[in-house]
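This briefing goes through one protein model, topic by topic. Please keep the sequence and the structure beside you while you read.

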Amino acid sequence: MSNFNRVFLVVMDSVGIGEAPDAEQFNDKGADTLGHIADHMNGLKMPNMGSLGLSNIREIKGIEKAAAPKAHYTTMREASNGKDTMTGHWEIMGLHIDQPFRTFPQGFPDELLNELEEKTGRKIIGNKPASGTEIIKELGEEHMETGALIVYTSADSVLQIAAHEDIVPIEEQYKICEIARELTLDEKYMVGRIIARPFVGKPGAFERTSNRHDYALKPFGRTVMNDLADDGYDVVALGKISDIYDGEGVTEAIRTTDNMDGMDKLVSSMDKEFKGLNFLNLVDFDAKYGHRRDPQGYGEALEAYDARLPEVLEKMKEDDLLIITADHGNDPVHHGTDHTRELVPLIVYHKGIEQGKELDQRMTFADIGATVADNFNVKLPEHGKSFLNEIK
């Protein structure tokens, strides 16, 4: 068959499928996101992913192994040194990251915060890992009285700055984040993203606004998305994809509010004529359930996602390709609140598959980028091996 006209790439953020061979080096021995959620739920109800071959990769409690899988399937290993969102996504598009982004479980160094205070003219309060809604409950009133910036982090490589829009005007908030971005470009910090987290309201009734803005590092090299865009192909980024790549190689960016909105946007985008890549990240699995160590919520979110898959499969054309994968694990029964170093599933579907088969395990996520590049005859990335001929 000829090459595919449209490639739909869905990243189920953090949906790992068991510890990676090097998990122990990352303090993640025994991590198993899908397996542990399925055990907690006494079986996951994901018949559509099951029909594509999810339990053929490795049996998952509650998901029937398909006698004749509709898709090709395997697992992928992460080759880069890290287990965060940016490393995983950048590798998917053909990069290899040697130096992991830093996390700050004890808060940020005094040296960095002193510089930020000096350059912004505002004091800093907080400086600890926290839930964004909880820390504005705790420190919002003090912030309103003093004008001090609320700085906090999470289990990801992020420096978040919360401020009330009446106390620090939104343009000033963005300028402060730009200053923080400049300060953290130094290799000794290696912070993946700076995030403006504006809020409004009164003590006891604060609400975060939609004026959030992310300031990500640019990818350390050109990705397959850059080459697609330069060659005139469409690169449609759904959800936080554009933020993860700092807009590099993106021809259209569409925001989403949650997983279901992400699926809505994916389904509606399938009605549009385009040629190239449509790239979706489903963030809730990671942000709402993995980091918060909520296996019940995670399981229910997986089942809700699965229930939406028939809409996607029904809208696929003969020359469409669907790739479903993940970027790391986030086992909700594992210790701490951090990501987990795991294998990730790889499901590859198109209407020309008579019966799916098991592909060789991929030794880098970059095989996806190489396959997309190969399909559209653009420059192959330095890392990754195309599996295009194996799936036709």
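Is His72 buried or exposed? The model is a predicted one, and in this model His72 has a relative accessible area of 4%, which is under the 20% limit for a buried residue, so His72 counts as buried. The points below start from this residue and then turn to another buried side chain, two helices, the nonpolar cores and the pockets.

**Two buried polar side chains**

- His72 is placed in strand E2, which covers residues 72-76, and a polar atom of the His72 side chain lies 3.1 Å from the backbone nitrogen of Lys357.
- Leaving out residues up to four places away in sequence, His72 touches Leu346, Ile347, Val348, Ile353, Gln355, Gly356, Lys357, Leu359, Glu390 and Ile391.
- Asn375 belongs to helix H13, made up of residues 366-375, and Asn375 is counted as buried because its relative accessibility is 3%.
- The side chain of Asn375 reaches the backbone nitrogen of Phe4 at 2.8 Å, and the residues that Asn375 touches, not counting those up to four places away in sequence, are Asn3, Phe4, Val7 and Leu388.

**Helices H1 and H4**

- In helix H1, which spans residues 33-40, the buried residues are Thr33, Leu34, Gly35, Ile37 and Ala38, and among the elements that cover them are helix H3 (54-57) and helix H12 (295-315).
- After H1 comes Asn42, a residue with a positive phi near 55°.
- Helix H4 runs over residues 85-92, and eight of its eight residues are buried, so H4 is largely enclosed by the rest of the structure.
- The buried residues of H4 include Trp90 and Ile92 as well as His89 and Glu91.
- At the N-terminal end of H4, Asp84 acts as a cap, with a side-chain oxygen 3.1 Å from the backbone nitrogen of Met86, while Gly94, which follows H4, has a positive phi near 105°.

**Nonpolar cores**

- In soluble globular proteins, nonpolar side chains tend to be buried together.
- The largest nonpolar core in this model holds 87 residues, and those with the most contacts inside it are Leu44, Met49, Phe279, Tyr305 and Ile324.
- Helix H12 gives the largest share of this core, namely seven residues.
- Tyr305 touches Met12, Met46, Met49, Met260, Met263, Leu282, Phe285 and Ile324, when residues up to four places away in sequence are not counted.
- A second core, separate from this one, has 23 residues, including Ile124, Val151, Ile161 and Ile179.

**Pockets**

- The largest pocket has a volume of about 1,200 Å³, and of the 36 residues that line it, Arg197, Arg208, Arg212, Val283 and Ala287 are the closest to its centre.
- Two or more residues of this lining come from each of helix H6 (132-146), strand E4 (149-153), strand E5 (158-164), strand E6 (193-202) and helix H11 (284-290).
- Sorted by class, the lining of the largest pocket consists of nine nonpolar, 13 polar and 14 charged residues.
- The second largest pocket has a volume of about 170 Å³, and its lining includes Gly94, the residue that follows H4.
- Also among the residues lining the second largest pocket are Leu95, Arg222, Asp227, Lys379 and His383, and this lining divides into four nonpolar, three polar and four charged residues.

Key: Residues numbered from 1 in each chain as written. Predicted model: local features only at pLDDT ≥ 70, side-chain atom pairs only at ≥ 80, totals over all residues. Heavy atoms only, no water. Buried < 20%, exposed > 50% of the residue type's maximum accessible area, 1.4 Å probe, protein only. Helix = DSSP H or I, 4+ residues; strand = E, 2+ residues; numbered from the N terminus. Contact = heavy atoms within 4.5 Å. Core = buried A, V, L, I, M, F, W, Y, C linked by side-chain atoms within 4.5 Å. Polar contact = N/O pair within 3.5 Å; in protein donor to acceptor, adjacent residues only side chain to side chain. 1 Å grid on protein atoms, 1.4 Å probe; cavity = no way out; pocket = protein on both sides within 12 Å on 5 of 7 lines; lining within 4 Å. Points joined across faces, edges and corners; volume = space filled by probe spheres on them. Nonpolar A, V, L, I, M, F, W, Y, C, P; charged D, E, K, R; others polar.
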